Amino acid sequence: MDSSSFLSQFIQQMINGISLGSIYALIALGYTMVYGILKLINFAHGDIYMLGAYAGFFAASVLRLSFFPSLLFAMLAAALAGMAIERLAYRPLRRAPRITALITAIGVSFFLDYTLILFVSPQPRTFPAIFESEIYRFYGIIINSQQILIFAVSLLLMAFLTYVVQCTRIGKAMRAVSYDTDTARLMGINVDKVISWTFALGSALAAAAGVLVGIYYNSIDPLMGMMPGIKAFVAAVLGGIGIIPGAMAGGLILGIVEAMASGFLSSTFRDAVAFSILILILLFKPSGLLGKNTREKV
Amino acid sequence: MNKVRKYDFLLLAFGASVFLLLHALMETEIIGAFWQLNIILACINIILAASLNLINGFTGQFSIGHAGFMAIGAYVSAIMTVKQGLPFAIAIIAAFAAAAALGFLIGVPTLRLSGDYLAIATLGLSEIIRVCILNTPYIGGASGFMGIPHLTNFPWAFGLMFLTVYLIKNIVNSAHGRALIAVRENEIAAETMGIDAAKYKTLAFTIGAGFAGLGGALFSHYFYLAHPSSFTFMRSFDILTMVVLGGLGSLSGSIIGAIILVFVSAALSDFPEWRMIIYAVTLIALMIFRPQGLLGNKELSEKMLGLLRKKEA
């Protein structure tokens with residue numbers, strides 16, 4: 001491989017990596033927000049992403065909506081689903097040990113997957129072409145319109161989330177609850193409501209990621225959420241769990257590394273690379289790239 | 001001491017009689033092929049659940065990567081019998097040793113993590129193992145390792161199951177086992193009492209992984225093939241469900257949990273799509289209404305000994 005083709009291959013994988021990474025980042029945000037407040041790995045988050053993709057599919061193919069209404073429909077549906085899951089499965093366990101909550105989350109994840117399989121069959125579905133695909137070529141590098149769309153929508157949503165968390169009342173409450181739940185409660189913050197909102201926001205972002213993936217790969221299936229879900233968690237840990245810019249950075253880094261691994265090594269090693277990153281980061285900097293070291297209190 | 005011996009003797013006698021009964025029923029074909037399969041599957045699952053319980057239930061290290069160790073056992077034993085032509089017994093020992101060695105290697109660095117982080121790291125490790133198997137043509141790669149002789153029969157499965165449970169029971173009831181439980185209850189307090197928590201966590205991880213390898217060896221030699229798709233994290237969750245259902249920290253709970261789930265899925269074999277939903281609902285409902293599992297951390301045997309006495313609450 002000569003140097004110019006190496007460079008173009010590198011840039012090509014970079015572009016693929018950024019679009020994949022934006023998806024991871026959107027899902028990772030939900031993980032990080034929930035973890036920041038509840039200290040719970042919401043295993044079912046990947047399945048919310050899958051539900052979002054199916055809601056988008058429903059809106060586009062049955063209700064015949066165009067792209068943006070479908071996206072909004074999916075986000076709304078997922079937000080409601082996220083709130084319902086929190087209310088029914090996680091709230092009764094607010095005071096339970098964290099392992100109990102983790103097992104419940106695994107249970108919820110399977111429940112969502114297999115209930116959906118019961119209704120829509122495990123076969124993959126073709127996502128309707130609600131966004132016309134165009135391919136742009138620059139000096140042998142291919143960018144298609146879906147990649148631009150993914151990047152643009154992700155940026156927009158991340159900006160929106162940053163605005164909500166930094167500048168609104170509910171965002172302020174979220175930050176307070178995540179900093180110290182008990183004190184926040186003493187200050188008159190309705191913690192249950194804040195947690196509900198956190199789930200709604202995180203789920204909406206995951207659903208947006210699901211719809212974008214549906215448009216990008218043209219295909220969705222009921223088990224599509226498992227791997228991206230776990231990898232988005234890796235992304236959240238990579239950036240420092242609980243830190244919102246960390247999730248965005250972690251998602252992008254993970255996406256780029258994976259794209260490089262599948263471009264230059266072999267696509268079957270993609271998953272192994274992601275998990276190796278997870279283990280390395282846990283061993284050497286468990287608080288993540290943007291995290292601060294905290295000592296465990298005895 | 002005397003009481004323990006007598007108790008162990010009773011347990012051996014109980015195991016032997018269950019074995020002879022089931023074996024006789026199978027030989028006379030009163031138990032048909034379908035249930036025979038499920039009984040052997042139950043034995044394998046008891047091995048897996050009991051070994052995971054040693055890690056998760058008794059030591060409090062939340063591992064969800066058991067399928068990875070199972071895969072190691074399945075493949076190593078298959079290499080031994082198919083490629084090297086060695087007898088099954090040696091293959092089983094090799095499977096145990098390989099999985100235990102890997103458990104040790106992985107255990108030393110990752111056990112510095114705790115709680116959710118350890119869970120996600122073990123899940124990642126088992127996926128790494130799977131991807132490595134997937135990319136190794138020597139053992140069949142993505143199409144799986146085929147042509148494994150059908151060497152697992154009921155005596156092997158039951159014998160090894162009994163051995164596993166017996167050994168884990170004795171580990172748990174030894175001074176080392178008390179140390180494991182101390183680490184589970186409060187690691188820092190245990191350290192203060194002079195227990196080397198890291199050593200005991202690694203020990204539990206190594207032994208648990210070894211027995212998972214044993215389960216894997218039985219598994220691959222029962223189904224004629226070892227396939228990477230049999231060892232995804234779904235399998236780890238399967239095993240976890242059994243442990244949690246029975247009760248984290250109860251060996252007899254693991255046995256009961258494994259048996260219940262094997263027979264539930266056998267009963268649902270006509271409706272496979274319902275099986276995972278029922279698993280999922282079981283997990284959620286258990287966690288909300290009875291987070292300690294069916295038996296909590298008690299053992300059935302306490303009651304078994306006093307079977308004729310009035311049951312205590």
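Residues are termed buried under 20% relative accessible area, exposed over 50% and partly exposed in between, with a 1.4 Å probe and protein chains only. The structure is a predicted model, in which local features need pLDDT of at least 70 and side-chain atom pairs count only at pLDDT 80 or more, whereas totals for chains, interfaces and linings use all residues. Residues are numbered from 1 along each chain as its sequence is written, chains are lettered from A in the order in which they are written, and side-chain values use heavy atoms, with hydrogens and water left out.

On chain A, a nonpolar surface patch of about 410 Å² is formed by A:Phe6, A:Leu7, A:Phe10, A:Ile11 and A:Phe264; patches consist of residues with over 30% relative accessible area and no salt bridge (a side-chain nitrogen of Lys or Arg within 4 Å of a carboxyl oxygen of Asp or Glu), like charges being joined within 9 Å and nonpolar side chains within 5 Å. Helix 1 (residues 3-38) of chain A provides the largest share of this patch, four residues, while A:Phe264 lies in helix 10 (residues 244-265) and is partly exposed at 31% relative accessibility. Helices are DSSP runs of H or I with at least four residues, and strands are runs of E with at least two.

A patch of positive charge gathers A:Arg169, A:Lys172, A:Arg175 and A:Lys193 on the surface, with the largest share, three residues, coming from helix 6 (residues 169-179) of chain A. A:Lys193 is placed in helix 8 (residues 191-217) and is partly exposed, its relative accessible area being 47%.

Chain B has 13 helices and zero strands, and buried residues make up 54% of its 313 residues.

Technical notes
Accessible areas come from the Shrake-Rupley method with a 1.4 Å probe; for residues, only the protein chains shown count as cover. Lys and Arg count as positive and Asp and Glu as negative; His and the chain ends are not counted. The place of a charge is taken as NZ of Lys, CZ of Arg, CG of Asp or CD of Glu.
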